[in-house]
Amino acid sequence: MKFFPKLLDSPDQKRILVVDDSPVLSHAYASALRAWGYTVDTAVDGLAALARLRSVRYHLVITDYEMPRCNGIEFLAKARLVIDTNALPPFILITGTPLKDLHGRLDGFVATFAKPIDIQELRHELAARIDNS
């Protein structure tokens, strides 16, 4: 059974899910996103994030790669299995792992960023992906 989560906010309010096991990075990303006017939820790993995706409709997901229980690539794969295709938001991957080591495993991500990320590049990517949707 696939889930079709509901949109909690007005259509003009963009909701982003940040998934990172580092409280420091999760807080930093969430703070920047809120300052830019987005509504932000956080999760500590892919399994916790999957539970959120089942009930809340997001405009975009930003996920870390290396996390306990379920990494960012596994999270996207699981989300594709349980979330209706029409409700699956775009995914952005942020990783400390060299991108060349992940070659061939990044299908489905609309963008990837290597740590440390340039926060303005992330802002530009968000504007391109969801601000005009």
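# Helix α2, the sheet and two cores

Reader: Which elements do the buried residues of α2 pack against?
Author: In this predicted model, the buried residues of helix α2, which spans residues 46-55, are G46, A49, L50 and L53. Their packing partners include a helix, α3 (72-82). The full list of elements they pack against is β1 (15-19), β2 (39-43), β3 (60-64), α3 and β4 (91-95).

Reader: Within what arc do the buried residues of α2 fall, seen down its axis?
Author: An α-helix has 3.6 residues a turn, so residues three or four places apart point the same way. The buried residues of α2 are G46, A49, L50 and L53. Seen down the axis of α2, they line one face of the helix, because they fall within an arc of 105°.

Reader: At the start of α2, which backbone nitrogen does a side-chain oxygen of D45 reach?
Author: Helix α2 covers residues 46-55. At its start, the side-chain oxygen of D45 comes to within 3.0 Å of the backbone nitrogen of L47.

Reader: Which strands stand at the edges of the sheet?
Author: The sheet is open, has five strands with parallel pairing, and follows the order β2-β1-β3-β4-β5. Two of these strands have a single partner each, so one side of each is left without a neighbour in the sheet. The twist from one strand to the next averages 20°. The strands at the edges are β2 and β5 (109-114).

Reader: Which residue in β3 does L17 stand opposite?
Author: Strands of a sheet pair through backbone hydrogen bonds, either parallel or antiparallel. Here β1 and β3 run parallel and are joined by four bridges. The residue in β3 that stands opposite L17 is V61.

Reader: What angle does the direction of helix α4 make with that of β5?
Author: Helix α1 (residues 23-35) lies across β1, β2, β3 and β4, and runs at about 170° to β2. Helix α4 (residues 119-131) also packs on the sheet, where it touches β1, β3, β4 and β5. Its direction makes an angle with that of β5 of about 175°.

Reader: With which side chain does the side chain of D41 make a polar contact?
Author: D41 is part of strand β2. With 14% relative accessibility, D41 counts as buried, because the cut-off is under 20%. Among the residues that D41 touches are I16, L17, V18, R52 and Y58. Its polar contact, at 2.7 Å, is with the side chain of R15.

Reader: Is R69 buried or exposed?
Author: R69 has its place in the loop between β3 and α3. Its phi is near 70°, a positive value in a residue other than glycine. The relative accessible area of R69 is 61%, and the cut-off is over 50%, so R69 is exposed.

Reader: What is the peptide bond from K115 to P116?
Author: P116 is in the loop between β5 and α4. Omega of the bond from K115 to P116 is near -5°. This peptide bond is cis.

Reader: Which element gives the most to the largest nonpolar core?
Author: In soluble globular proteins, nonpolar side chains tend to be buried together. The largest nonpolar core has 24 residues, and L17, V19, L53, F75 and F91 touch the most other members. Two or more residues come from each of β1, α2, α3 and β4. With five residues, the element that gives the most is α3.

Reader: How many residues are in another core that lies apart from it?
Author: Among the members of this other core are W36, Y38, I62 and I92. Its number of residues is 19.

Methods. Residues numbered from 1 in each chain as written. Predicted model: local features only at pLDDT ≥ 70, side-chain atom pairs only at ≥ 80, totals over all residues. Heavy atoms only, no water. Buried < 20%, exposed > 50% of the residue type's maximum accessible area, 1.4 Å probe, protein only. Arc of directions from axis to C-beta. Contact = heavy atoms within 4.5 Å. Polar contact = N/O pair within 3.5 Å; in protein donor to acceptor, adjacent residues only side chain to side chain. Pairing = 2+ DSSP bridges. Axes fitted to C-alpha atoms, helices over the stretch in contact; angles between N-to-C directions. Core = buried A, V, L, I, M, F, W, Y, C linked by side-chain atoms within 4.5 Å.
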